[in-house]
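Biologist: Please take one part of this model and examine it closely, backbone and surroundings alike. I should then like to see how comparable parts elsewhere are built.

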Amino acid sequence: MLDSLLQQFARFGVHLGLDRIRELLTALDNPHQRVPIVHVAGTNGKGSVCAYLSSVLSAAGYRTGRYTSPHLTSWCERICIDGTPISESDFIAIVERVAAAIDPAKPTPTQFEIVTAAAFLYFAESNVDIAVLEVGLGGRLDATNVCDRPLACVITSISRDHWQRLGSTLAEIAFEKAGILKRERPAILGTLPDDAAAVFELRIEELNCPAVWIQPATPISETEAIYDGLRYPLPLPGDVQLLNSALAIATIKQLRPQGWEISDAAICRGMQQARWRGRLEWITWRERRILVDGAHNVASAEVLRRYVETLETPVTWVMGILSTKDAAGILKTLLRSRDSVRFVPVPSHGFTPPEDLRRMAIDLELDVTCSIHDDVETALAAACEDEARLPVLCGSLYLIGDFFASSSVEQASL
């Protein structure tokens, strides 16, 4: 029922802008103004940083909301309190209230705006102490960008993605994401390309933001790191988590002077308990160990490729890619000679035809074995027949979410 309730708003598409969401929130008595916010934007790493932040804040004893997108298997994953997703019945009830507040004489809000308003209303009425919000698309005109005085604004990374809406250059994309920065509010930024960093430096100066530029933490082992003198557990795999975890810890340290009591012990507990599904995640399927990762743009594909190379094992990729993504760039980043790749469609979404992906892979002139399958399970079953190769499912979070929803999988240890 929740899917059908939200589906009626999907026809309004993606229309960036703040007028509709502001009018809707005004009709709901401005719930967003009743919740202290940490706002997180960036091309990649947003979800992991939100997972770390919300887990640490919960470990410190604060009732913590978390709003993220997209979801993997259920809309309810997007709105959580202390790591527990909203119930479907509560979600339906609150969406119905949001829908009832829409002024029929004005433009109808988009689906994302409806869900964002529902998250603000749910957090306010659930009396959360603080909420961590992930930007949906861009930043400047994203529906989450209605908070005038966030506790902190985090920029995780800048790379080329969603260029159809955000701009074709890194500077243009950075301009959109810099839109979440607010006057005299702390800004915590990851390692950015020079063109993007220049945009943020100018915006930080204009707004007089106290800014902290973050370098990655130092690894101690595969599951432990040290940043700014604090040694802490690192449960999420991949070298990119050295930066993501450092961003989260630096953000927490920006909250302390504002009155938030978060001990080093709470940081360590929260980091240890952080989970973020579908990103460099090991699962067990039909008694085989499989790696899954969204890897939906070139930058995230680079992270996946680096991680796979540390495993020193031959790979069979099972891959589907949306039509809005840089498929050729993703393939060029992931594939190496003697890899095997099995292409599949992405259910219920516009995807690059598997035959087109196969042609792109052939054009790379690598010694790669390519095949096409009708669905993920068929492709994975074929991939699992070769016990000498590691099956890796990747290319789209929607693909992974559909697989999780339709198959019996278990999380596996690293």
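Modeller: Asp 228, with a relative accessibility of 54%, counts as exposed (buried means under 20% relative accessible area, exposed over 50%, partly exposed in between, with a 1.4 Å probe and protein chains only). The model is a predicted one, in which local features need pLDDT of at least 70 and side-chain atom pairs count only at pLDDT 80 or more, while totals for chains, interfaces and linings use all residues. Residues are numbered from 1 along each chain as its sequence is written, and side-chain values use heavy atoms, without hydrogens and water.

The backbone of Asp 228 deserves attention: this residue is not a glycine, yet its phi is positive, near 50°. Asp 228 sits in the loop that leads from S10 to strand S11 (230-233) (helices, H or I of at least four residues, and strands, E of at least two, are DSSP runs numbered from the N terminus). Before that loop, strand S9 (residues 218-221) and strand S10 (residues 224-227) pair in the antiparallel sense over three bridges (strands pair if DSSP finds at least two bridges between them). Two residues separate S9 from S10, and the two strands form a hairpin. Within this hairpin, Thr 218 of S9 stands opposite Ile 226 in S10.

Other backbone features can be set beside Asp 228. Most residues other than glycine have a negative phi, and most peptide bonds are trans. Asn 127, also not a glycine, has a positive phi of about 55°. Asn 127 belongs to the loop between H5 and strand S5 (130-134), and with a relative accessible area of 57% this residue is exposed. Asp 29 takes a positive phi of about 70° just after helix H2. A departure of another kind is the cis peptide bond from Ser 69 to Pro 70, with omega near -5°; Pro 70 lies in the loop between S2 and strand S3 (79-81).

The helix that precedes Asp 29 may be described next. In helix H2 (residues 19-27), the residues Arg 20, Ile 21, Leu 24 and Leu 25 are buried. Viewed down the axis of H2, these buried residues fall within an arc of 125°, so they line one face of the helix (the arc is that of the directions from the helix axis to the C-beta atoms). Asp 19 and Thr 26, on the other side of H2, are exposed. Helix H4 (88-100) and helix H5 (111-125) are among the elements that cover the buried residues of H2 (contact means heavy atoms within 4.5 Å).

Several of the strands already named belong to an open sheet of eight strands with mixed pairing, in the order S4-S3-S2-S5-S1-S6-S7-S8. Its edge strands, each pairing on one side only, are strand S4 (84-85) and strand S8 (211-213). Inside that order, strand S6 (residues 152-155) runs parallel to strand S7 (residues 187-189), and three bridges join them. Ile 155 of S6 has Leu 189 of S7 as its bridge partner.

Later in the chain come further parallel pairings. Strand S14 (residues 315-319) and S15 pair in the parallel sense over four bridges, with Val 318 bridging to Arg 342 in S15. From S14 the chain crosses through helix H12 (residues 327-334) to S15, and this β-α-β crossover is right-handed (with the strands pointing away from the viewer, the path from the first strand over the helix to the second runs clockwise). S14 also runs parallel to strand S17 (residues 390-394), to which five bridges join it; there Met 319 stands opposite Cys 394.

S15 continues the pattern with strand S16 (residues 369-372), to which it runs parallel over four bridges. Phe 343 has Ile 372 in S16 as its bridge partner. S15, helix H13 (residues 354-363) and S16 make a right-handed β-α-β unit.

The burial of S14 and S15 can be read face by face. In a regular strand the side chains alternate between the two faces of the sheet. In S14, Val 315, Trp 317 and Met 319 on one side and Thr 316 and Val 318 on the other are all buried, which makes five of its five residues. In S15 (residues 340-343) both faces are likewise covered, for Ser 340 and Arg 342 on one side and Val 341 and Phe 343 on the other are all buried.
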